[in-house]
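Please open the model in your viewer and keep the selection tool at hand. The tour moves from one selection to the next and says what is found at each stop.

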Amino acid sequence: MGAPRERLRVVRIRLAIADESRSMSDAFLRQLIGPCGTRSVRRWVFVAPDQLHLQLGALRATDPATTGVVLLESREWLSRRPYHRMRVAAILLNQRNFAVELVKAGFEVDYRIGDEPMVDMLGAAHKAHGTLHATEWAEREMRAEFEPLRKAGALQVVPHDGWITLASDFEVCRRGTQWSMDAFYRAVRKRTGILMEPDGTPAGGQFSFDVDNRKPWKGEPSAPAPPRFDMDPMRVEVQHCIERTFAKHPGELDMQSIAGTHAECEAMWIWAMTHCLEHFGPYEDAMSVRSSGLFHSRMSPLMNLGRMPAARMVQDVLAMHLPIASKEGFIRQVIGWREFVRWVHLATDGFRDAWPVAAHPGDGGFAGWSGARWSTAGSSPEGVDGGAQPQALGDGTPLPPAFWGAASGMHCLDRVVADVWREGWSHHITRLMVLGNLATLLDVQPRALADWFWVAYMDAWDWVVEPNVLAMATYGTGGVMTTKPYVAGSAYIDRMSDYCSGCAFKPDRDCPITPMYWAFLGRHAEKLQANPRMKLVMAAWRKRSSEQKARDQATFVHVRDVLVKGQRLVPQTSLFAC
Ligand SMILES: Cc1cc2nc3c(=O)[nH]c(=O)nc-3n(C[C@H](O)[C@H](O)[C@H](O)COP(=O)(O)OP(=O)(O)OC[C@H]3O[C@@H](n4cnc5c(N)ncnc54)[C@H](O)[C@@H]3O)c2cc1C
Ligand code: SF4
């Protein structure tokens, strides 16, 4: 007896690219075609590549029987910058799996793959389906690209309801032209009751346990290995697609480390809850050659793709039995920092309110490193630019090739850069206190650094990468969202990591980072000494002799010149003495 005959779902798949259709025949295409009953799509929803959730915005509570979903794979957009292969792979793997999940849930899916910009592909989808419903885009670049379609009425846009906080939370933390993350976080805690006692006091007696969370990691407790996922046919197909279509993109590709299906995203989060969160707090600031992630959750790529809602994560963490320093520390990252930077992004229009804007998307230093111009440079759609170019501390140094893997001789920098090009990710303190610190001490142009972070990290999107780099890590926007520059000498790196033991330099003898730190304070003394939070360190800098100050500056000049040429530093005790 044969199997019952099934009606086949009519799935519209636009394949503008012939070779793609060949490679897509199995894992993806076939899964998009499945059984369905009689249906008539009355409403089409466009879901952007970073909105991959059934309960988000325009897709929330929709009836699959009458709803169609448009998804786009635009090669122009995916290659607008020389993004790390891991970033492109995470987007493709998750979006394709999401399409399959939509089909299984009963939706009709119009999945379009093409060379054109997303705005053109969306225009064509509008012609085919009429008005498209959409969710407000987190990324400014998408908002700018889709604006002509919105203006023309082709898109009906509802608010993005994946955020936890309100504009009013942000308003209370405004101090003139500056915003305080601490005030924002307290306001959110008080309004939502998250980690608050019934009498209105914070759980554990204080709003932040940050000062308790600064332990270096000496190997115990052992750091968990992140999950690995099976090389299923969809993964194999995306890997082939990256190797063939996105071959020029930099970075290693490790498909098995990327969660792609809904079930895998859940597994990733369960891993983080089970193995990371207990020790998250105390070792939050630690760095080690033995574990690139330590107890960090690695959830940012999935959160920023919409796969894992922040609100769900907060609920889960609140229900867990965790030491308060870890619980509060993690919650603060999600309802505090993550939401805060997004409000800063909106309030400053990506810092365009105060700074000139680059005409075209930057390549993050790709051309300088590879010797070849990024192929799509300058061909972006109207409205897309290169972002704000703040430089509160003055003109900048170009990004040194060390950020692209040329050995600098500084083990901390080389190690973290290697981690990033291997994984497309590194944790917060390596971003802030190694990469950001070194770049700031070198006076690297904040925009060049932001573009590098944007291309090198798989969790990078303009709303989050720009505030973190332009404002937080480099102090490029002045004190817009931080009270002082995040800079440190080698003592900090030595205390919080095990990098120094494998370095040609010795942190207390000839490491160039400490004199560079003093030189930074000296070069920017005029701007920094008015800052009350810099009072102590500026007083210490003033006490340095003029010979020491001259040697600090000579060290800076030497290190900058060597690194900008892509050369390796070697110990020179006479110059680098701390
Ligand atoms: C220079 C620099 C660049 C950064 N660029 C990005 C970026 O492109 N994308 C990105 O998502 N984060 C960025 N961050 C913030 C932070 O470093 C990452 O969110 C975090 O390292 C991601 O790893 P995780 O998921 O293990 O985070 P965990 O340490 O486990 O923290 C949990 C979550 O808190 C959120 N979070 C924590 N700190 C921040 C922050 N400062 N801003 C926004 N969210 C935060 C993230 O969603 C993160 O997943 C940057 C930070 C710096 C200093
Ligand atoms: S000695 Fe200096 S350059 Fe070397 S790892 Fe330590 S801080 Fe970095």
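What follows is a walk through a predicted model, taken stop by stop.

**Ligand 2.** Begin by selecting ligand 2, which sits in the second largest cavity. Show the residues around ligand 2, namely Met410, His411, Cys412, Ser490, Ile493, Tyr499, Cys500, Cys503, Phe505, Pro507, Cys511 and Ile513. If you colour this shell by residue class, you will find 10 nonpolar residues, two polar and no charged. Helices α15 (411–423) and α19 (490–496) each supply at least two residues of the shell.

**The largest nonpolar core.** Keep Met410 selected, since Met410 also belongs to the largest nonpolar core, where Met410, Leu71, Trp269, Phe340, Leu435 and Trp452 are the residues that touch the most other members among 174. Helix α4 (residues 85–104) gives the largest share of this core, with 12 residues. Now centre on Leu435 and, setting aside residues up to four places away in sequence, display the residues it touches: Phe403, Leu413, Val416, Val417, Val420, Thr430, Trp452, Phe453 and Tyr457. For a second, separate core of five residues, select Trp217, Ala286, Leu294 and Phe295, which are among its members.

**Two buried polar or charged side chains.** Go next to Arg332 in helix α13 (residues 324–348). Is Arg332 buried or exposed? Arg332 counts as buried because its relative accessibility is 6%, under the 20% cut-off. Beyond residues up to four places away in sequence, Arg332 touches Met181, Tyr185, Ser208, Phe209, Asp210 and Trp337. A distance drawn between the C-alpha atoms of Arg332 and Val314, which are 18 residues apart along the chain, should read 9.8 Å.

His133 lies in strand β5 (residues 132–135), and with 18% relative accessibility His133 also counts as buried. Apart from neighbours within four places in sequence, His133 is in contact with Arg43, Trp44, Val45, Phe46, Ala58 and Gln156.

**Backbone stops.** Most residues other than glycine have a negative phi, and most peptide bonds are trans. Select Pro221 in the loop between α8 (181–192) and α9 (233–245), where the peptide bond from Glu220 to Pro221 is cis, with omega near -15°. Then move to Arg298, in the loop between α10 (262–280) and α11 (300–304); phi of Arg298 is positive, near 60°, and the residue counts as buried at 16% relative accessibility. Finish at Tyr475, in the loop between α18 (462–473) and α19, which has a positive phi of about 60° and, at 10% relative accessibility, counts as buried.

Technical notes. Residues are numbered from 1 along each chain as its sequence is written. Chains are lettered from A and ligands numbered from 1 in the order in which they are written. This is a predicted model: local features need pLDDT of at least 70, side-chain atom pairs count only at pLDDT 80 or more; totals for chains, interfaces and linings use all residues. Side-chain values use heavy atoms; hydrogens and water are left out. A residue is near a molecule or strand if one of its heavy atoms lies within 4 Å of it. On a 1 Å grid over the protein atoms alone, a cavity is a set of points where a 1.4 Å probe fits but cannot get out, and a pocket is an open set with protein on both sides within 12 Å along at least five of seven lines; lining residues have an atom within 4 Å of a point. A molecule sits in a cavity or pocket if more than half of its atoms lie within 2 Å of its grid points. Helices (H or I, at least four residues) and strands (E, at least two) are DSSP runs, numbered from the N terminus. Ala, Val, Leu, Ile, Met, Phe, Trp, Tyr, Cys and Pro count as nonpolar, Asp, Glu, Lys and Arg as charged, and the others, Gly among them, as polar. A nonpolar core is a set of buried Ala, Val, Leu, Ile, Met, Phe, Trp, Tyr and Cys residues joined through side-chain atoms within 4.5 Å. Buried means under 20% relative accessible area, exposed over 50%, partly exposed in between (1.4 Å probe, protein chains only). Contact means heavy atoms within 4.5 Å.
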